[in-house]
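Reader: Got a minute for this one? Let's put it on screen and go through it.
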Amino acid sequence: MRIISGIYKSRKIVAPKNLPVRPTTDMAKESLFNIINNLFYFDAISVLDLFAGTGNISYEFASRGTQNITCVDQDYGCIKFINKTAEAFEMPINTIKSNVFKFLEKSNSQTNIIFADPPYSFSEEQFTKISELVFQNNMLLEDGILIIEHSKHTDLSNSNHYSYSKSYGGNMFSFFEHI
């Protein structure tokens, strides 16, 4: 995986093969960040990266100037890798080792962007539970967005707070916001 833009542009990051991850492809990530770039100033937002995996999305935010980034993943190897990479690049990334659903149930923090990249094998109910918990617990700031990455075979358009989706190959990003 590589960082697409910002101060760490073109830097390659090689994750250990034993991590249980499926990093967002460079093409999908670039398209996603083009959308986000039109909505926010990167240096003025806070980001919560759920099911963070390798930290791929968080590194992109940090490279573009975001100073308040939190990654949540339940896998110790993923958290350890994110911490090691963030330290090596001096990126402002905080990590929390936790089951994402338990974290969402207990969290009372608010942020501008919540990005969730759960396993594509999740049921539609599991995907929907992410958005339900985010909005029940008022975790987004007023103009904030929740972005859930999923396969093109999952349809989240009937979920509460759903706004729109963008498809890139087999990847899909669904956007949720206050209505």
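Reader: Charges before anything else. How far apart are the mean positions of the positive and negative ones?
Author: They sit 9 Å apart. The averages are over 16 positive and 19 negative charges. Keep in mind that this is a predicted model.

Reader: Noted. What about exposed area, and how much of it do carbon and sulfur supply?
Author: The protein exposes about 8,900 Å². Carbon and sulfur atoms supply 46% of that.

Reader: And what share of the residues is buried?
Author: Of 179 residues, 51% count as buried.

Reader: What does the radius of gyration say about a compact globule?
Author: The protein has 15 Å. A compact globule with 179 residues would be near 16 Å, so the value agrees. The C-alpha trace spans about 40 × 35 × 35 Å along the principal axes.

Reader: Switching to secondary structure. How many helices and strands?
Author: There are 5 helices and 7 strands. The order from the N terminus is α-β-α-β-α-β-α-β-α-β-β-β.

Reader: How much of the contact set is long-range in sequence, say 24 or more positions apart?
Author: Such pairs make up 67% of the contacts with a separation of 6 or more.

Reader: Now the core. Which residues have the most contacts inside the largest nonpolar one?
Author: Leu32, Phe61, Met91, Ile93, Ile113 and Ile147. That core has 34 residues.

Reader: Which elements give two or more residues to it?
Author: On the helix side, H1 (26-37), H2 (56-63) and H3 (76-89). On the strand side, S2 (68-73), S4 (111-116), S5 (140-151) and S7 (171-177).

Reader: Where does the other core come in, and how many residues has it?
Author: It lies apart from the largest one and has 22 residues. Val72, Ala116, Phe127 and Leu133 are among them. As a general point, nonpolar side chains in soluble globular proteins tend to be buried together.

Reader: Back to Met91. What is it in contact with, neighbours within four places aside?
Author: Met91 is in contact with Ile3, Tyr8, Tyr59, Ala62 and Ala86.

Reader: Glu90 next. Where does it lie, and is it buried or exposed?
Author: Glu90 lies in the loop between H3 and strand S3 (93-97). Glu90 is at 71% relative accessibility, and the cut-off for exposed is over 50%, so it counts as exposed.

Reader: What is phi for Glu90?
Author: Near 55°, which is positive in a residue other than glycine. Most residues other than glycine have a negative phi. Asn138 also has a positive phi, near 50°.

Reader: Where is Asn138 found?
Author: In the loop between helix H5 (124-136) and S5. Asn138 is partly exposed, with a relative accessible area of 41%.

Reader: Now Gly53. Which loop, and what does it touch?
Author: Gly53 is in the loop between strand S1 (46-50) and H2. Beyond four places in sequence, Gly53 touches Val21, Asp73, Cys78 and Ile82.

Reader: Why does Gly53 count as buried?
Author: Gly53 has 7% relative accessibility, and buried means under 20%, so it qualifies. Its C-alpha is separated from that of Pro20 by 7.5 Å, though they are 33 residues apart along the chain.

Reader: Last one: Ser151. Which strand, and which contacts?
Author: Ser151 is in strand S5. Setting aside neighbours within four places, Ser151 is in contact with Tyr120, Gly170 and Met172. Ser151 is buried too, with a relative accessible area of 11%.

Note on methods:
Residues numbered from 1 in each chain as written. Predicted model: local features only at pLDDT ≥ 70, side-chain atom pairs only at ≥ 80, totals over all residues. Heavy atoms only, no water. Helix = DSSP H or I, 4+ residues; strand = E, 2+ residues; numbered from the N terminus. Rg over C-alpha atoms; globule rule 2.2 N^0.38 Å. Buried < 20%, exposed > 50% of the residue type's maximum accessible area, 1.4 Å probe, protein only. Contact = heavy atoms within 4.5 Å. Areas by Shrake-Rupley, 256 points an atom, 1.4 Å probe, with all protein chains shown as cover. Lys, Arg positive; Asp, Glu negative; His and termini not counted. Charge placed at Lys NZ, Arg CZ, Asp CG, Glu CD. Core = buried A, V, L, I, M, F, W, Y, C linked by side-chain atoms within 4.5 Å.
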